[in-house]
Structure formats: structure tokens, C-alpha cells
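Please walk through this structure by way of a few helix pairs and a few single residues. The text begins with how helices pack and then turns to individual side chains.

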Amino acid sequence: MFQTEIVIFLQSFSSDLLTSIFNFFTEIGRSTYTTPLMLIILIGISFRAGFILVHVAAWNGLITLSLKEYFSLPRPANVDSNVKLLGKSYPNPTHFENMGAKGFFSGLPEHIVGYLRAHPIDSWGFPSGHASHAVALWGSIFIFFKRTWIRIITVGMVVFIPLSRMYLGRHFLADILGGYLIGSTMVLVFYNLVFRNENLRAFIFEKLGKTRLDLKSVLVFAYFLAIPFLILLVPNAYPKDTASFLGLNLGFLLIRSRGIPKDTGSILQRIARVLIAVIFFFVLQIALEKGANLLFTNELMAVNFIQQTLAIMLFFWGSTEINIKLGLFKR
């Protein structure tokens with residue numbers, strides 16, 4: 001599964017058109033596009049589904065990143081100069097040739113892995129973040145939304161996003177299968193804990209005043225408020241992502257204190273909700289950056305963490321409240 005021959009075989013069918021198509025699937029799998037998609041679902045389609053999707057994606061990203069750093073395994077183009085970096089403007093820089101696994105169930109040569117760990121030329125490959133994220137995000141969308149055309153798109157994304165990574169020379173088959181395993185695990189965990197558990201889902205989204213102080217409520221609030229700080233203890237976890245996760249949860253609890261909005265409204269109202277949220281986000285970012293520059297002269301990690309947490313919290317809570325005031329959302 002760590003053989004470069006599988007990747008080279010896929011690349012033997014390469015053409016400008018096919019490379020453009022697979023480049024599209026690779027790009028659509030990046031957070032640059034999936035984050036706005038989750039925002040559209042959260043604000044414009046289904047508040048509850050969108051909020052759960054964000055949590056599935058966040059945990060999937062954290063676990064995938066942690067495992068990448070733990071295994072520290074190179075990509076196919078790092079171990080074999082015959083693997084092309086399709087879609088890139090530069091050739092494969094490695095000086096190794098045919099240094100992939102020698103058998104389907106064999107691992108990469110230890111001396112090659114050791115050398116590349118000591119002299120890294122790329123980010124680590126196993127497991128594939130594109131594959132795990134494709135399964136976690138699009139698999140969850142498959143569960144939430146029952147329309148046939150949506151499910152056809154989700155299946156296509158789960159197949160072609162990971163396949164594009166092999167075709168472009170960025171991942172082994174083992175990387176893809178590892179990503180599939182992580183993403184599927186995330187979907188199964190959240191499916192059993194939240195998707196299928198109507199009582200827990202009702203509790204999470206009920207108005208704060210109706211919540212009783214018992215073990216279940218303590219555990220849920222600990223998850224929302226304490227877990228993001230524990231993530232900071234994970235090696236190589238991104239503080240900005242942790243701050244975003246905490247800000248989202250704080251914003252959610254503020255919204256929950258007065259009642260979660262209903263997912264009603266015409267198509268125009270839903271589009272308007274998303275546009276207002278986007279405008280509010282950019283205005284808020286500019287205001288917070290200027291405020292931070294006035295108060296602090298140095299780039300401190302703690303300041304950046306607080307700024308990111310406030311930005312996401314105020315964005316999530318504020319855009320929801322604005323849309324409610326304008327009658328685009330209803331409690």
C-alpha cells in the first residue's frame with residue numbers, strides 16, 4: 001500500500017484535462033472552500049446540522065494532524081523521482097528513485113524514512129487529511145440531508161477528492177485508506193452519540209433556562225468549554241484552530257441562552273442570512289485587528305489566541321442575533 005507503482009500507474013493516464021479535473025477536486029477539499037460550505041449550512045440551511053458538522057470536522061482535523069506527526073511518514077514523491085507532482089509548476093525535487101515499499105503489505109524502507117525525518121522536504125503524508133476530511137464532512141452531509149442529488153454529490157466527493165491526491169502524486173494508497181478510516185470513525189462516533197441520539201440532541205439545542213444541573217449538563221458544558229483548552233496540550237495543534245473551536249462554542253452557548261433559531265425562511269431569506277454573516281465577519285475582523293494594534297505593540301501568542309476566540313464568538317453570536325432582529329431567523 002506504500003508502493004509508488006500504484007501512483008505511477010494512475011499518472012500513466014494523465015492529461016491536461018484530467019489534471020485540471022483532479023486539481024479541482026483537491027482544491028475543493030481544502031478548508032478554504034469547506035469552511036464557507038459549513039458556514040452556508042450553519043446559517044443558511046440548518047443551524048443544528050451545521051453546528052454538528054463543524055464539530056465533526058474539527059475533531060477529524062485534530063486527530064488527523066496528530067497522527068501525521070506521530071507516524072511522520074513521507075509522501076510518494078519524496079521517495080521516488082518517477083512520481084510526478086502533477087498540477088505543480090516545479091518538478092519532483094527528490095534524489096531517491098524506486099524507494100517505495102517492495103510489497104503490497106510492506107512498509108517503506110526504514111533508512112529512507114529515517115533520512116527524510118532528519119531532512120524533511122515536505123509535510124508528512126500518512127494519513128491523508130484530504131481523505132479523512134472528505135469522509136467526515138461529506139459523509140455527515142450524506143446522513144443529514146436525504147435528497148438524492150445531494151447524496152450523489154457527497155458520494156462523488158468521498159471518492160474523487162482522495163483519488164485526486166493519489167493521481168497528483170501527493171499520497172500513497174495507504175495514506176488514503178488511513179484517512180478513510182479516521183473520517184469514517186468520526187462519522188460513526190458522532191452518528192451514535194448525536195445524530196441518532198434524539199434526547200442528547202434535544203438537550204444540546206434546548207434553551208439554557210430549561211437545562212437542569214445534573215451530570216449530563218455538566219459533561220456537555222465541560223465538552224464545550226474545557227475540551228478546547230485540552231486540545232492545546234496535543235503536540236503541533238494549531239492555537240488558531242483551538243481558539244476558533246472555543247469561540248464557536250462560546251458563541252453557541254450565548255445563542256442557546258435565549259433559544260436556538262429555527263431553520264425556516266425562503267431561499268432569499270437564507271441567502272440574505274449568509275451574506276449578512278459574511279459582511280459582519282469582515283467588519284468584525286477589521287475592528288478587532290485595529291483594536292489589538294492599538295492596545296498591544298508586540299505579536300503575542302496569547303493576544304492572537306484571545307483575538308481569534310473573540311472574533312469567532314462575536315461573529316457566530318452577533319450574526320445570528322442580527323439576523324433574528326431583521327426577521328431572517330426566528331426563535
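In this predicted model, helix H3, which covers residues 31-45, packs against helix H4, which covers residues 47-71, with the two axes 6 Å apart and at an angle of about 155°. Because angles over 145 degrees count as roughly antiparallel, H3 and H4 are roughly antiparallel to each other, and their crossing is left-handed. On the H3 side the contact is made by Met38, Ile41, Leu42 and Ile45, which meet Phe47, Gly50, Phe51, Leu53, Val54 and Ala57 of H4. Sorted by class, the residues in this contact of H3 with H4 are 9 nonpolar and 1 polar, with no charged residues.

Helix H4 also takes part in a packing with helix H9, where the axes come within 10 Å and cross at roughly 145°, and here the crossing is right-handed. From H4, the residues Ile52, His55, Val56, Trp59, Asn60, Ile63, Thr64 and Leu67 contribute to this contact, while H9 brings Ile182, Gly183, Met186, Phe190, Val194 and Phe195. The contact of H4 with H9 divides into 10 nonpolar and 4 polar residues, and no charged residue belongs to it.

Helix H9 in turn packs with helix H7, residues 129-144, at an angle of about 35° and with the axes 7 Å apart; H7 passes H9 in a right-handed crossing. The H7 residues involved are Ala131, Ser132, Val135, Ala136, Gly139, Ser140, Ile143 and Phe144, and they face Ile176, Gly179, Tyr180, Ile182, Gly183, Ser184, Val187, Tyr191 and Phe195 of H9. By class, the contact of H7 with H9 holds 11 nonpolar and 6 polar residues, and again no charged ones. Among the H9 residues, Ile182, Gly183 and Phe195 appear in the contact with H4 and also in the contact with H7.

Charged side chains come into view once attention moves from these helix contacts to single residues. Arg170 lies in the loop between helix H8 (148-167) and helix H9 (173-195). Is this loop residue buried or exposed? With a relative accessible area of 11%, Arg170 is buried, because that value falls under the 20% cut-off. Its side chain is joined to the side chain of Asp122 by a polar contact of 2.9 Å. When neighbours within four places in sequence are left aside, the residues in contact with Arg170 are Arg75, Pro76, Leu85, Asp122, Ser123 and Arg165, so that the polar partner Asp122 is also listed among the contacts.

Helix H15, residues 301-325, contains Glu321, and this residue is likewise buried, with a relative accessible area of 10%. Which residues touch Glu321 when its neighbours within four places in sequence are left aside? The contacts of Glu321 are with Arg258 and Arg331.

Ala311 also has its place in helix H15, and with a relative accessible area of 1% it is buried. Leaving aside neighbours within four places in sequence, Ala311 is in contact with Leu284, Gln285 and Leu288. For a view across the chain, Ala311 may be set beside His111: these two residues are 200 residues apart along the chain, and a separation of 46 Å lies between their C-alpha atoms.

Terms used
Residues numbered from 1 in each chain as written. Predicted model: local features only at pLDDT ≥ 70, side-chain atom pairs only at ≥ 80, totals over all residues. Heavy atoms only, no water. Helix = DSSP H or I, 4+ residues; strand = E, 2+ residues; numbered from the N terminus. Buried < 20%, exposed > 50% of the residue type's maximum accessible area, 1.4 Å probe, protein only. Polar contact = N/O pair within 3.5 Å; in protein donor to acceptor, adjacent residues only side chain to side chain. Contact = heavy atoms within 4.5 Å. Axes fitted to C-alpha atoms, helices over the stretch in contact; angles between N-to-C directions. Parallel < 35°, antiparallel > 145°, perpendicular 65-115°, else oblique. Left-handed = near helix turned anticlockwise from the far one by under 90°. Nonpolar A, V, L, I, M, F, W, Y, C, P; charged D, E, K, R; others polar.
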